[in-house]
Amino acid sequence: MKKITIVGTGYVGLVTGVGLSEFGNKVICADIDKDKILQLKSGIIPIYEPGLEEIIKRNVKSKRLYFSDNISLSIQKSEVIIIAVGTPQTRTGDANMDYVDAVIKAVKQNLNDYKIICTKSTVPIGTGRRIIETLSNDFEEGFDFDYVSNPEFLREGSAVKDFLWPDRIVIGTCSDKAYEIMCDIYRPLFINKNPIKYTSVETAEMIKYASNSFLALKISYINEIANLCESVGADIHDVASAMGQDGRISDKFLHPGPGFGGSCFPKDLESLIAISKEKNVVMETLSAAKKANENQKAKMGTKLENLIDSSVKDKNIALLGLSFKANTDDVRESSSIDMIEFILDKGGTVRAYDPIANASMSKLFENISYFDDVYKAIEGADALVIMTEWNEFRSLDLARIKHIMKRAFILDTRNIVNMSELSNLGFVYDNVGRIKI
Ligand code: NAD
């Protein structure tokens, strides 16, 4: 059992803190956002993740999980400091390192004993080396501190499960002692022989970027194949499922849709492009994946206008799904944002519904209508657009919808609605890459 402080209690920090306390460690989740810490202390969970609330409550009760807005004291009290602050994209595409740098400054001021300084935030390759150099100006590496890169691979929407049963854990460090301590904090997984990969710091940093960029590339690829399917009369579902049966390809991330979003893929892809440019290494695939994604997002607006065979000007569009994927309230870089902007720019109105992300989206768009009932959002609409693959949209009462809509147009950007049912009910519909029935 180790004493651990997580600095940054967002999606990653909170899930990491909870997961490591579940593994038996004593964890402080620290954050400069006082309101967030206050909420957590009073049992309010600031993000939506399946299973998170229950596991937080259990570990708080067992006195293994604490919350604090006192970063200095939290650092002083722990042997392992895990950095999980945001690294958002700057205008030039690089990762913004201000938050990480602020944490390193706090670490320097509070390094009162040997500590492992571990970065879980996704950071450009070379960051670890830079942190070691900064700390080495005042402290001795190996004696006062050791550095570890431990990138995170959890997916929002299944973050708790991903953290507790990971495919792999990457521990990048040049210290055997630090490696042993890190194995210790993940001990229950280590016993179950979950694959822990021991690498250099730079390799660990690269693994994270290479993984996310590859998945982004895979999504862009299948989206472009889906677009071509539409023109040649092929069906993307059959194509993708047959492709996925090939073990060399795998069926994961072969689902066409409205373009990828979220807080990771777009920014990590952008950041790797920036790194490759800085190092003068040509990486055409990355730029292609990015461009294809921008095209895909824009294409959804065109699809909508083609479907209704007119401009969306003065049309009421019901938009189902605001989060960038199902099972999260995170709307960062969500394709829904592009769709809302498209409709508003063209002079249409948006009637939005999401099971949990209405509040997050209302911070970005105050000028659209939000509904807490899916059928109320659809009532009187000229067209309906499904943007997120929430399960509840798979079992919509289409007959009722046909009855309450002004006109019967459905754009299903996630291919989740049954096409024969749509046809039988007389809907005019479109989706991504399917042979229409
Ligand atoms: P987030 O924006 O949800 O949370 C970041 C938190 O850090 C916020 O609560 C903020 O208040 C806090 N913070 C900022 N500066 C601080 C400081 N100086 N001291 C203490 N707290 C501070 O971010 P996130 O989505 O959890 O992502 C964190 C990192 O993990 C990013 O680098 C991201 O790329 C990476 N990552 C994210 C995911 C994901 O699915 N969200 C998955 C893997 C990796």
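## Helix α10 against α13

Which way does α10 cross when it passes α13, left-handed or right-handed? In this predicted model, α10 passes α13 in a left-handed crossing. Helix α10 covers residues 201-232 and helix α13 covers residues 284-308, and their axes sit 9 Å apart at an angle of about 45 degrees. That angle makes α10 oblique to α13.

On the α10 side, the residues in this contact are S213, L217, S220, N223, E224, N227 and E230. They meet T285, L286, A289, A292, N293, Q296, K299 and K303 of α13. Sort the residues of this contact by class and you get 4 nonpolar, 7 polar and 4 charged.

## Helix α10 against α11

Next up is the pairing of α10 with helix α11, which runs over residues 236-244. Here the axes are 9 Å apart and the packing angle is about 140 degrees. With that angle, α10 is oblique to α11. As for handedness, α10 and α11 make a right-handed crossing.

So who touches whom? From α10 come Y221, I222, I225, A226 and C229, and from α11 come I236, V239, A240 and M243. The class split for α10 with α11 is 9 nonpolar, no polar and no charged residues.

## Helix α10 against α6

Helix α10 also packs with α6: the two axes come within 8 Å of each other and cross at roughly 140 degrees. An angle from 115 to 145 degrees counts as oblique, and α6 and α10 are therefore oblique to each other.

Which residues make this contact? On α6 they are T127, G128 and R129, and on α10 they are V201, E202 and E205. By class, the contact of α6 with α10 holds 1 nonpolar, 2 polar and 3 charged residues.

## The cavity

How many cavities of 30 Å³ or more does a search of the whole structure find? The search turns up 1. The largest cavity has a volume of about 60 Å³. Its lining includes a run from T119 through K120, S121 and T122 to V123, along with S149 and P151. The lining of the largest cavity also takes in A204, E205, K208 and Y209.

Helix α10 turns up here too, giving the most to the lining of the largest cavity, with 4 residues. One residue to keep an eye on is E205, which lines the largest cavity and also takes part in the contact of α10 with α6. By class, the lining of the largest cavity breaks down into 4 nonpolar, 4 polar and 3 charged residues.

## The second largest pocket

Now for an open site. What volume does the second largest pocket have? The value comes out at about 260 Å³. The pocket has 14 lining residues, and the closest to its centre are P124, I125, T127, I275 and E278.

Two helices, α6 (127-136) and α12 (265-278), each supply at least two residues of the lining of the second largest pocket. Helix α12 gives the most, with 4 residues. T127 is worth a second look if you're browsing the model: it is among the residues closest to the centre of the second largest pocket, and it also belongs to the α6 side of the contact with α10. In class terms, the lining of the second largest pocket has 6 nonpolar, 3 polar and 5 charged residues.

Notes
Residues are numbered from 1 along each chain as its sequence is written. This is a predicted model: local features need pLDDT of at least 70, side-chain atom pairs count only at pLDDT 80 or more; totals for chains, interfaces and linings use all residues. Side-chain values use heavy atoms; hydrogens and water are left out. Axes are lines fitted to C-alpha atoms, for helices over the stretch in contact, and angles run from 0 to 180 degrees between N-to-C directions. Angles under 35 degrees count as roughly parallel, over 145 as roughly antiparallel, 65 to 115 as roughly perpendicular and the rest as oblique. A crossing is left-handed if the near helix is turned anticlockwise from the far one by less than a right angle, and right-handed if clockwise. Contact means heavy atoms within 4.5 Å. Ala, Val, Leu, Ile, Met, Phe, Trp, Tyr, Cys and Pro count as nonpolar, Asp, Glu, Lys and Arg as charged, and the others, Gly among them, as polar. On a 1 Å grid over the protein atoms alone, a cavity is a set of points where a 1.4 Å probe fits but cannot get out, and a pocket is an open set with protein on both sides within 12 Å along at least five of seven lines; lining residues have an atom within 4 Å of a point. Grid points are joined across faces, edges and corners, and a volume is the space filled by probe spheres set on the points.
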